[in-house]
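Student: I have a new structure to look at and I don't know my way around it yet. Could you walk me through it?

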Amino acid sequence: MMSKFDVVVIGSGPAGYVAAIRAAQLGLSVACIEKSTNKLGKTGLGGTCLNVGCIPSKALLDSSHKFAEARDDFKFHGIAAKGVSMDVAKMIDRKDKIVGQLTGGIGQLFKVNGVKEIKGFGKVLAGKKVEVTADDGSVSTLDAENIIIAAGSAPIDIPPAPIDQDVIVDSTGALEFLKVPKRLGVIGAGVIGLELGSVWARLGAEVVVLEALDVFLPAVDQQVAKEAQRIFTKKQKLDIRLGARVTASEVKGGKVTVTYQDADGEKQEVFDKLVVAVGRRPQSENLLAADSGVRLVERGFIYVNDHCETEVPGVFAVGDIVRGPMLAHKGSEEGVMVAERIAGKKAAMNYDCIPSVIYTHPEIAAVGQTEEQLKADGIEYKVGVFPFVASGRALAANDSDGFVKMIAHAETDRILGCHIIGPSAADLVQQVVIAMEFGSSAEDIGLTVFGHPTLSEAVHEAALAVEGHAIHIPNKKKR
Ligand code: FAD
Ligand code: AMP
């Protein structure tokens with residue numbers, strides 16, 4: 001086996017596989033090492049995102065949304081849908097097929113681009129060497145001109161709720177239930193807890209979310225977070241308990257008793273299943289030889305600069321294993337940047353313009369700064385808000401909860417942030433991401449022609465509302 005490559009990538013998640021493909025496109029010889037085997041018995045190409053993250057969770061969110069729509073909302077359109085039922089095993093099987101299709105697709109892309117796929121555990125040695133331990137325990141060493149570490153992240157475990165992947169599960173286990181739990185506990189009201197809680201709540205589980213913090217979605221613009229909390233608790237009957245810190249759990253007779261502490265003292269709840277969704281940690285154990293020269297910083301992240309360079313020339317790290325939001329697209333763009341820089345191009349990444357989405361219904365999507373951040377930074381700003389209840393398209397679709405909130409600089413009018421809760425928020429916010437990349441003002445969006453009737457018009461109107469020029473709502477006085 002050829003053992004010298006221009007680029008050796010460790011990890012085939014969205015950061016690693018994208019880096020590998022881009023490097024190969026640029027004419028470099030590339031190997032990509034992946035340690036995991038997925039549920040289908042194949043190499044886990046695509047990492048967390050394709051196998052147990054973004055894609056399978058969205059498959060279940062889409063299936064459960066269609067089911068809940070048929071059961072609860074078809075009647076509003078005059079459609080009688082009696083006896084609507086969900087075959088959970090079939091839903092899971094559909095999800096597995098999509099995962100199989102996409103992970104297989106990465107294998108094909110590796111082949112057509114000439115990326116050498118290596119199954120095994122990669123470890124960075126000194127002198128730009130990578131040790132690979134195959135599944136049978138055999139060890140080989142690769143020589144690399146450049147190494148890209150893309151080993152990703154894993155769910156955080158907490159001692160009060162040890163995972164058994166039966167009654168107490170992590171996000172991976174919560175994608176595999178074969179029947180709807182009657183009572184489902186979720187620890188953590190973050191992105192993953194809310195998405196997975198929504199899936200099972202829509203299918204009929206009584207869901208209780210226990211969140212240690214007193215504030216709901218603290219990183220989200222609080223006007224959006226408040227609307228989300230109202231919709232989830234009042235309309236979707238998610239029982240979200242803030243200020244509730246889980247301190248212990250006990251599994252007995254196939255159920256789990258969870259003990260938590262809130263302002264009133266100690267309380268207990270009994271669940272059929274418990275999902276632990278308290279965040280993710282970088283997967284950096286055993287990844288670096290003691291003399292590799294690559295430095296770990298707090299919580300096990302790899303230290304890198306703005307160009308994803310470690311302190312060892314020719315060794316880079318990208319994706320969830322480095323600072324910044326743990327998002328697939330952030331890792332992929334870092335992967336492209338690094339591959340291009342290795343090939344001698346001057347690529348850079350704009351960390352101020354990364355969209356983030358929570359795929360509940362309605363979706364919550366954002367780019368740029370929140371009002372809270374701007375206040376804390378002492379930046380003067382103005383705000384335009386447009387509610388979907390004033391959008392003809394949203395009303396036609398019977399999907400009019402939420403709003404678009406546009407924030408622009410008080411003097412320059414440059415867009416500083418956009419925060420959306422509503423139908424197709426993920427796709428709508430992308431319009432503003434593009435605008436921000438081009439340094440757009442709110443007025444630029446206001447002057448753009450938007451098709452009618454579209455949900456996108458809500459973005460247009462929110463931009464107009466920044467100066468009090470929205471047409472389809474009464475404007476508040478401009479700030
Ligand atoms: P990973 O995807 O974690 O991939 C790293 C890969 O490296 C893994 O396959 C691992 O097996 C392999 N590896 C690790 N160590 C070694 C080693 N030493 N040798 C060889 N191989 C190794 N993000 C979004 O942007 N949108 C979403 O909708 C979204 N939904 C999510 C839903 C869930 C339930 C979860 C859990 C995550 C979700 N994420 C989402 C986050 C997203 O999955 C991650 O941000 C993304 O996968 C990170 O990519 P990565 O390439 O850095 O790491
Ligand atoms: P995220 O990091 O966005 O996935 O969110 C994880 C959430 O889990 C955070 O909001 C934490 O406050 C919450 N959390 C962590 N530990 C506990 C615990 N023991 N009990 C309840 N919530 C917790």
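Tutor: We can go through the domains, then the two ligands, and then a few details of the backbone. Please keep in mind from the start that this is a predicted model.

Student: Okay, which domains does the protein have?

Tutor: The domain assignment gives domain 1, made of 4-155 together with 281-349, then domain 2 at 168-278 and domain 3 at 353-465.

Student: How far apart are the centres of domain 1 and domain 3?

Tutor: Taken over C-alpha atoms, the centres of domain 1 and domain 3 are separated by 30 Å. The two are in contact, with eleven residues on the side of domain 1 and eight residues on the side of domain 3.

Student: And what area is buried between them?

Tutor: About 670 Å² is buried between domain 1 and domain 3, and carbon and sulfur atoms give 69% of that area. The reason for quoting an area at all is that the size of an interface is often given as the accessible area lost when the parts come together.

Student: Let's switch to the ligands. Which residues come nearest to ligand 1?

Tutor: There are 39 residues around ligand 1, and those that come nearest are Glu 34, Thr 48, Lys 58, Gly 122 and Asp 320. Thr 48 places a polar side-chain atom 2.6 Å from an oxygen atom of the ligand, while Gly 122 has a polar backbone atom 2.8 Å from a nitrogen atom of ligand 1. Asp 320 also takes part through its backbone, with an N or O atom 2.9 Å from an oxygen atom of ligand 1.

Student: How much of ligand 1 does the protein cover?

Tutor: On its own, ligand 1 has 1,000 Å² of accessible area, and the protein covers 95% of it.

Student: Which element gives the most to that shell?

Tutor: That is α2, which contributes four residues to the shell around ligand 1. The elements that each supply at least two residues are α1 (14-25), β2 (30-34), α2 (47-52), α3 (54-73), β4 (121-125) and α7 (328-342). Sorted by class, the shell has 16 nonpolar, 18 polar and five charged residues.

Student: What about ligand 2, which residues are closest there?

Tutor: Ligand 2 is surrounded by 14 residues, with Gly 188, Glu 211, Ala 212, Ala 244 and Val 246 as the closest. In this shell, nine residues are nonpolar, three are polar and two are charged.

Student: Which atoms of Glu 211, Ala 212 and Val 246 face the ligand in those contacts, backbone or side chain?

Tutor: For Glu 211, a polar side-chain atom lies 2.6 Å from an oxygen atom of ligand 2. For Ala 212, a polar backbone atom is 3.1 Å from a nitrogen atom of the ligand, and for Val 246, a backbone N or O atom lies 3.0 Å from a nitrogen atom of ligand 2. As for cover, the protein takes up 74% of the 510 Å² of accessible area that ligand 2 has on its own.

Student: Last topic, the backbone. Where is Pro 362, and what kind of peptide bond joins it to His 361?

Tutor: Pro 362 sits in the loop between β18 (356-358) and β19 (363-368), and a cis peptide bond with omega of about 0 degrees joins it to His 361. Another cis peptide bond joins His 452 and Pro 453, with omega of about -5 degrees, and Pro 453 is in the loop between α11 (442-446) and α12 (457-465).

Student: What is phi of Asp 413?

Tutor: Phi of Asp 413 is near 70 degrees, a positive value in a residue other than glycine. Asp 413 is placed in the loop between β21 (403-409) and β22 (415-422).

Methods
Residues are numbered from 1 along each chain as its sequence is written. Chains are lettered from A and ligands numbered from 1 in the order in which they are written. This is a predicted model: local features need pLDDT of at least 70, side-chain atom pairs count only at pLDDT 80 or more; totals for chains, interfaces and linings use all residues. Side-chain values use heavy atoms; hydrogens and water are left out. A residue is near a molecule or strand if one of its heavy atoms lies within 4 Å of it. A polar contact is a pair of N or O atoms within 3.5 Å; within protein, one must be able to donate a hydrogen and the other to accept it, and residues adjacent in sequence count only if both atoms are side-chain atoms. Accessible areas come from the Shrake-Rupley method with a 1.4 Å probe; for residues, only the protein chains shown count as cover. Ala, Val, Leu, Ile, Met, Phe, Trp, Tyr, Cys and Pro count as nonpolar, Asp, Glu, Lys and Arg as charged, and the others, Gly among them, as polar. Domain bounds come from an automatic or database domain assignment. Contact means heavy atoms within 4.5 Å. Buried area is the accessible area (1.4 Å probe) that two parts lose on being put together, summed over both.
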